[in-house]
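Me: I would like to work through a protein model by asking short questions. Please reason briefly and finish each reply with what I asked for.

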Amino acid sequence: MINIFYAVTTFFYAVGSWFSFRYYKTLEPFNEKKAFQWLLIGFMAQAVTLACQWRSTGFAPLDRIDGILMILSFSLAGTLIFGRAKATVPVLISLFLPFIFFLSLVGFVTDIKSVPFMDANLMTSGMIAHILLTFFGFSNFTVGFGVGVAFWIQEGQLKQHQMTSWSHRLPALEILDGLTVFHVGFGFLFWAAGLVLGTVQAYQVWNSLPLLDPKIFGSLLVLIIYALFFVLRWALGMRGKKTMTLVMVGYFLALFTFLGVRLFLTTQHTF
């Protein structure tokens, strides 16, 4: 039954992705609105899917790769919907919805019995909260990065007086700047809260906090970079590409910390 729910969710995201590609090709608002509607439907269906799996197993679906991908696509979809309440940036849907569909599709086709990710015995409420908060933090950083890139492109084209039909569809730089701050700010809060809970879990599992562990050190460095972003904006009044550069650097470090450390470095954080 859960596999059927997964299939339905993935189908909804697929339909939304089709409208996203249509929007990217035609730049017609109708296609973007349809893409958002299917994103919303897919998000609600995915919430039901994850709740059913949680109920059937007794813990959050975070012990297998397919569950991890589903949670990641769910958090990214929720972040897009949340951000749209702040400001409508149609190109974000066209860029991110196909990626959400891809994550959901890979999660659906992955064999749940053959790809272990985490010992189910570690699935305490604190660990679940730590992982979910980190996921939503990373998702907000991802969308903030996407908006920051749009800001970078639009500002450059305005200075060179070379606006394209694509950039004409973007909102004003002030809106892009505000939306970047919005997502980076929430990403910072989620990431910091997840790090605090992770510290508690580290003491429970390892009886210590190995600060020099690449994953832990990288997570702290991500917070420092984004904190510097806010200091430069609010304390020194800096705007534009200089601060957006920090957003991009912080995101790539978060991406490496989130995914790359386990693949390329040695870490105690094996789950």
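The turns below go from the overall fold to helices, salt bridges, a cavity and single residues.

Me: How many helices does the secondary structure of the protein come to?

Reply: This is a predicted model. From the N terminus on, the elements run α-α-α-α-α-α-α-α-α. There are zero strands, and the number of helices is nine.

Me: What percentage of the residues in the protein is buried?

Reply: A residue counts as buried when its relative accessible area is under 20%. The protein has 271 residues, and the buried part makes up 51%.

Me: Is α3 largely enclosed by the rest of the structure or left open?

Reply: The helix α3 covers residues 65–86. It has 22 residues and reaches 32 Å from its first C-alpha to its last, close to the 32 Å expected at 1.5 Å a residue. Of these residues 17 are buried, so α3 is largely enclosed.

Me: How far does α8 reach from its first C-alpha to its last?

Reply: Helix α8 covers residues 214–235. It has 22 residues, for which 32 Å is expected at 1.5 Å a residue. The reach in the model is close to that value, at 30 Å.

Me: Which residues of α8 are buried?

Reply: The cut-off for a buried residue is a relative accessible area under 20%. The residues of α8 that meet it are Lys215, Ile216, Gly218, Ser219, Val222, Leu223, Ile225, Tyr226, Phe229, Phe230, Leu232 and Arg233.

Me: How many salt bridges does a search of the whole structure find?

Reply: Side chains of opposite charge can pair when their charged atoms come close. Here a pair counts if a side-chain nitrogen of Lys or Arg is within 4 Å of a carboxyl oxygen of Asp or Glu. The search of the whole structure gives a total of two.

Me: Which parts does the salt bridge of Glu32 and Arg84 tie together?

Reply: The side chains of Glu32 and Arg84 meet at 2.6 Å, N to O. Glu32 is buried, with a relative accessible area of 5%, whereas Arg84 is partly exposed at 21%. The two residues are 52 residues apart in sequence, so the pair ties together helix α2 (residues 29–57) and helix α3.

Me: Which helices hold Asp177 and Arg233?

Reply: Asp177 forms a salt bridge with Arg233, and their closest N and O atoms are 2.8 Å apart. Asp177 counts as buried at 10% relative accessibility, and Arg233 counts as buried at 6%. The pair ties together parts that are 56 residues apart in sequence, because Asp177 lies in α7 and Arg233 in α8.

Me: What is the volume of the largest cavity?

Reply: The structure holds one cavity of 30 Å³ or more. The volume of the largest cavity is about 80 Å³.

Me: Which element gives the largest share of the lining of the largest cavity?

Reply: The lining has 14 residues, and those nearest the centre are Leu80, Arg84, Ala87, Val89 and Leu92. The elements that give two or more residues are α3, α4 (90–109) and α7. Domain 1 (1–119) and domain 2 (124–271) each supply at least three residues. The largest share, four residues, comes from α3.

Me: How many residues of the lining of the largest cavity are nonpolar, polar and charged?

Reply: The residues to sort are the 14 that line the cavity. They divide into eight nonpolar, four polar and two charged.

Me: How far apart in space are Gly185 and Tyr226, C-alpha to C-alpha?

Reply: Gly185 is in helix α7 (residues 173–206), and Tyr226 is among the buried residues of α8. Gly185 is buried too, because its relative accessible area is 17%. The two are 41 residues apart in sequence, and their separation in space is 8.5 Å.

Me: Is Leu39 buried or exposed?

Reply: Leu39 has its place in helix α2. Its C-alpha atom is separated by 7.2 Å from that of Phe12, 27 residues apart along the chain. At 0% relative accessibility, Leu39 counts as buried.

Me: What does Met44 count as at 47% relative accessibility?

Reply: Met44 also lies in helix α2. The C-alpha atoms of Met44 and Phe74 are separated by 9.3 Å, and the residues are 30 apart along the chain. Exposed needs over 50% and buried needs under 20%. Because its value is 47%, Met44 counts as partly exposed.

Note on methods:
Residues are numbered from 1 along each chain as its sequence is written. This is a predicted model: local features need pLDDT of at least 70, side-chain atom pairs count only at pLDDT 80 or more; totals for chains, interfaces and linings use all residues. Side-chain values use heavy atoms; hydrogens and water are left out. Buried means under 20% relative accessible area, exposed over 50%, partly exposed in between (1.4 Å probe, protein chains only). On a 1 Å grid over the protein atoms alone, a cavity is a set of points where a 1.4 Å probe fits but cannot get out, and a pocket is an open set with protein on both sides within 12 Å along at least five of seven lines; lining residues have an atom within 4 Å of a point. Grid points are joined across faces, edges and corners, and a volume is the space filled by probe spheres set on the points. Ala, Val, Leu, Ile, Met, Phe, Trp, Tyr, Cys and Pro count as nonpolar, Asp, Glu, Lys and Arg as charged, and the others, Gly among them, as polar. Domain bounds come from an automatic or database domain assignment. The expected span of a helix is 1.5 Å times one less than its number of residues.
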